[in-house]
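Me: I have a structure open here and would like to go through it with you. Could we start with a single residue and work outwards?

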Amino acid sequence: MSYSRYRSRSRSVDSSDVENPGNNLFVTGLSSRLTDRDLEKHFSTEGEVIDASIVLDPWTRESRGFGFVTMATLKEAERCIKYLDRSVLEGRVITVEKVLPKDC
């Protein structure tokens, strides 16, 4: 019985790896004037963007200065980190890094 428990835990670990395969990026330093579309356009220079979203304050609906971008592949995400980290977007220097797993 403990063997099957172990296997089910293993499956859940595997599924979390699928949820966060490394192509999700955390972007900081964003201008308050920036839109999701602007963010997507900037990152599309390095590959296919699956999703780009800026985090908004729930009360004021203004940008909190950071967002998330999901690239189609890990290789494209790594290219974004290499070429877009410390790039200038809307007059602001942005930082780009991989999203850390939830258990970190």
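Me: Is E78 buried, partly exposed or exposed, and what is its relative accessibility?

Reply: Keeping in mind that this is a predicted model, E78 has a relative accessibility of 40% and therefore counts as partly exposed, since that class lies between under 20% for buried and over 50% for exposed.

Me: Which residue does E78 form a salt bridge with?

Reply: The partner of E78 is K98, and the closest N and O atoms of the two side chains are 3.7 Å apart. This pair links distant parts of the chain, with E78 in helix 3 (residues 74-84) and K98 in strand 6 (residues 95-98), 20 residues apart.

Me: And K98, buried or exposed?

Reply: Neither of those, as K98 has a relative accessible area of 35% and is partly exposed.

Me: How many salt bridges does the structure hold?

Reply: The structure holds four salt bridges, and among them is the one between R33 and E90, where the closest N and O atoms are 3.6 Å apart. R33 lies in the loop between strand 1 and helix 2 (36-43), while E90 lies in the loop between strand 4 (88-89) and strand 5 (92-93), so this salt bridge ties together parts that are 57 residues apart in sequence.

Me: What are the relative accessibilities of R33 and E90?

Reply: R33 has a relative accessible area of 58% and is exposed, whereas E90, at 39%, counts as partly exposed.

Me: What about R37 and E40, where do they sit?

Reply: Both belong to helix 2, and because they are three residues apart there, about one helical turn separates them. Their side chains meet in a salt bridge, with 3.7 Å from N to O. R37 counts as exposed at 51% relative accessibility, and E40 is partly exposed with a relative accessible area of 30%.

Me: Changing topic, how many aromatic pairs are there?

Reply: The count comes to three aromatic pairs. One of them joins F26 and F66, whose ring centres are 5.7 Å apart and whose planes meet at 55 degrees, so the pair is tilted. That pair links distant parts of the chain, since F26 is in strand 1 (residues 24-28) and F66 is in strand 3 (residues 63-71), 40 residues apart.

Me: Which other ring does F26 pair with?

Reply: F26 also forms a tilted aromatic pair with F68, with 5.5 Å from centre to centre and 40 degrees between the planes. Here again distant parts of the chain are linked, F26 being in strand 1 and F68 in strand 3, 42 residues apart. Taken together, F26, F66 and F68 form one aromatic cluster.

Me: How exposed are F26 and F68?

Reply: F26 counts as partly exposed at 25% relative accessibility, and F68 is partly exposed as well, with a relative accessible area of 32%.

Me: Zooming out, what elements does the protein chain have, and in what order?

Reply: The protein chain has three helices and six strands, and from the N terminus on they run α-β-α-β-β-α-β-β-β.

Me: And what share of the residues is buried?

Reply: Buried residues make up 29% of the 104 residues in the protein chain. The accessible surface of the chain comes to about 7300 Å², and 51% of that belongs to carbon and sulfur atoms. As for contacts with a separation of 6 or more, residues 24 or more positions apart account for 62% of them.

Key: Residues numbered from 1 in each chain as written. Predicted model: local features only at pLDDT ≥ 70, side-chain atom pairs only at ≥ 80, totals over all residues. Heavy atoms only, no water. Helix = DSSP H or I, 4+ residues; strand = E, 2+ residues; numbered from the N terminus. Buried < 20%, exposed > 50% of the residue type's maximum accessible area, 1.4 Å probe, protein only. Contact = heavy atoms within 4.5 Å. Areas by Shrake-Rupley, 256 points an atom, 1.4 Å probe, with all protein chains shown as cover. Phe/Tyr/Trp six-rings, centres within 6.5 Å; stacked < 30°, edge-to-face > 60°.
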